[in-house]
Amino acid sequence: MSTRNTTGGRTGGQAGDRIPAPRRPGRETGPREPEVPPRSGRETGSREPGIPPRSEDAASLPEPPAPRRSKRTEILENRPVNLDGFVEEWPEVGMVAMDSPYDPHPSVRVRNGIIVEMDGKERKDFDFLDQFIADHAIDASTAEWAMSLAPAEIAHMLVDPKVSREEVLAVSSALTPAKLLEVVKTMNVVEMMMALQKMRARRTPANQGHSTSARDNPVQVAADAAEGGLRGFRELETTLGVVRYAPLVAIALQVGAQAGKPGVLTQCALEEATELELGMRGITAYAETISVYGTEQVFCDGDDTPWSKAFLASAYASRGIKMRFTSGTGSEVQMGHAESRSMLYLEIRCILVAKGAGVQGLQNGSISCIGVPGAVPAGIRAVLAENLVASTVDLECASGNDQSFSHSDMRRTARLMPQLLSGTDFVCSGYSAVPNYDNMFAGSNLDPEDYDDWNTIQRDLQVDGALRHVPEAEILAARGRAARALQGVFAHLDLAPITDREVEAAVYSHGSDELPPRDVLEDLKSARSVMERGVTGLDIVKGLEAGGFPDVAEALLGVLRQRVSGDLLQTSAILTPELTTLSAVNDPNDYAGPDSGYRPSGERWEEMKRLRHVVSARNPEEEVG
């Protein structure tokens with residue numbers, strides 16, 4: 001996951017990428033002092049109305065006591081949730097989650113196969129989002145029929161297990177943004193979750209992690225990526241504080257991921273030109289940092305249009321690079337051009353732009369803007385609704401749960417549960433696989449300190465969040481293996497050396513504070529050298545082979561082969577540890593009610609049962625986890 005640059009494409013580690021969890025000024029210092037109402041004239045010393053008090057009388061009167069507060073109120077005032085920011089709705093500026101009085105009413109009119117009216121607007125009045133959506137994202141041949149169905153009727157189709165996903169897609173592919181909004185507005189959170197478990201594209205859920213470093217330390221990134229792959233992440237993403245470090249960190253992520261578990265796909269979130277070049281060279285395997293927005297003005301502020309984004313997507317696809325767009329409720333409000341529409345209505349426009357551009361999927365779930373919907377009523381419901389709409393129009397959905405947005409452990413868990421329980425293509429598009437102080441995407445809703453809680457919830461509810469408990473010995477071995485493999489690659493490519501002391505520290509460290517500092521100048525020279533010499537993924541494979549890691553080299557070569565086959569371009573594609581593609585083509589979601597669809601069972605369920613401190617039922621003194 002990942003952040004979005006509010007001036008164009010999403011970039012990593014740039015100022016303004018993410019909103020920190022909102023805080024109320026001064027709340028950290030303790031409970032607020034109560035407001036004392038103005039005292040009456042008698043209380044202020046006046047004898048009679050209009051007669052000023054004598055100064056000696058005023059001075060002699062004691063101050064009245066402040067109203068007494070209950071201990072319970074004081075305790076509640078100091079709860080972490082009250083450090084969060086909450087605001088009232090303000091529809092005129094778009095500060096409303098999903099029910100603005102200014103949202104358009106659904107309508108469509110088709111003439112000679114062309115949509116000439118959509119959501120109350122004639123074609124001559126379309127902005128460029130309207131035109132792109134009407135021409136590329138909506139099935140005009142069935143639009144008038146689909147739009148004639150009542151919103152509640154379509155919602156029933158979504159919830160009803162007896163109605164197949166394919167039947168729903170036949171309707172949803174012909175709906176306008178306003179109609180999709182009306183449909184999800186009829187649904188409560190539980191109904192949306194029921195629909196989402198049917199509408200996700202891939203049968204088997206997966207997860208994505210962040211592996212970044214506050215010091216852009218490639219050794220740390222490699223070690224954390226190896227642990228992340230071992231714990232179950234099938235995609236890992238990095239970004240930078242200093243963008244020039246990108247080639248070294250991207251190489252480190254790729255090497256570390258394959259050292260942990262073969263087939264993990266990696267990306268480096270940067271400005272679009274550099275990110276595309278790294279992908280074309282085979283140093284990254286996927287991209288999701290192509291931001292789209294719900295109003296024309298915000299697109300223009302980023303020097304983009306839906307057509308330019310579609311062209312960029314085709315550039316990635318031409319080289320077999322998996323990619324999806326990024327969007328999320330609240331971005332247009334944050335950037336000041338919401339056109340008085342609700343956050344969810346504008347997000348649905350983003351979803352349909354992604355659909356019209358032909359990309360595989362969308363990273364949505366508010367992402368870097370979660371503080372905005374999180375501050376208004378029903379905002380987290382709107383986030384779930386946008387995930388559902390993305391899946392309902394047949395896009396892969398990387399459903400957020402990435403940026404930190406609340407000081408409350410209860411609230412951040414509640415924000416996670418709808419996606420975890422129903423299952424999405426990627427439950428998190430950025431679970432922080434590093435401590436949050438190292439997360440260059442500005443911190444995540446979850447980090448390594450939550451691994452055991454996550455695994456316990458999976459076990460408690462028998463629900464698959466795609467992660468697993470790993471014994472420490474295996475983790476240490478994987479971290480050391482990744483750091484030494486990167487050491488060999490750097491030596492082979494004649495890059496700034498990695499010392500044995502750095503390798504040792506990376507194995508046992510929690511974060512960058514515990515690692516020896518690297519020579520920044522030499523690292524930056526090495527990074528420039530990678531770009532100038534045209535280093536590719538095959539050069540990294542050769543470096544792994546030369547360094548004594550042939551199995552890691554074979555794993556990376558397998559990922560590169562998938563680029564040639566084009567299988568990663570299928571909707572919801574991931575690679576298994578056996579380096580075979582799992583996607584909506586060969587692993588379609590077949591949920592049809594009880595006793596159907598994906599259920600963790602067999603070897604996977606046995607794996608989920610194992611936690612850090614499980615004791616033997618026969619001998620409670622013996623740990624079996």
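In this predicted model, helices α15 and α16 (residues 379-392) pack with their axes 10 Å apart, at an angle of about 25°. Because angles under 35 degrees count as roughly parallel, α15 is roughly parallel to α16. The crossing of α15 past α16 is right-handed. On the α15 side, the contact is made by Leu 344, Glu 347, Ile 348 and Ile 351; on the α16 side, Ala 382, Ala 385, Glu 386, Val 389 and Ala 390 take part.

The largest nonpolar core holds 82 residues. Those that touch the most other members are Met 98, Met 192, Tyr 316, Met 323, Phe 325, Leu 344 and Leu 388. Helix α15 (residues 343-357) supplies the largest share of this core, 11 residues. Apart from neighbours within four places in sequence, Met 323 contacts Ala 287, Ile 290, Ala 313, Tyr 316, Val 359, Gln 360 and Gly 361. A second core, separate from this one, has 65 residues, among them Ala 226, Leu 236, Leu 420 and Leu 495.

The model also contains an open sheet of four strands with parallel pairing, in the order β7-β8-β9-β10. At its edges stand β7 and β10, each with a single partner strand, so one side of each has no neighbour in the sheet. From one strand to the next, the twist averages 30°. Strands β9 and β10 run parallel and are joined by three bridges. Leu 362 has Cys 397 of β10 as its bridge partner.

The residue ranges of three strands are listed below.

| Strand | Residues |
|---|---|
| β7 | 286-291 |
| β9 | 361-363 |
| β10 | 396-398 |

Key. Residues are numbered from 1 along each chain as its sequence is written. This is a predicted model: local features need pLDDT of at least 70, side-chain atom pairs count only at pLDDT 80 or more; totals for chains, interfaces and linings use all residues. Side-chain values use heavy atoms; hydrogens and water are left out. A nonpolar core is a set of buried Ala, Val, Leu, Ile, Met, Phe, Trp, Tyr and Cys residues joined through side-chain atoms within 4.5 Å. Buried means under 20% relative accessible area, exposed over 50%, partly exposed in between (1.4 Å probe, protein chains only). Helices (H or I, at least four residues) and strands (E, at least two) are DSSP runs, numbered from the N terminus. Contact means heavy atoms within 4.5 Å. Two strands pair if DSSP finds at least two bridges between them. Axes are lines fitted to C-alpha atoms, for helices over the stretch in contact, and angles run from 0 to 180 degrees between N-to-C directions. Angles under 35 degrees count as roughly parallel, over 145 as roughly antiparallel, 65 to 115 as roughly perpendicular and the rest as oblique. A crossing is left-handed if the near helix is turned anticlockwise from the far one by less than a right angle, and right-handed if clockwise.
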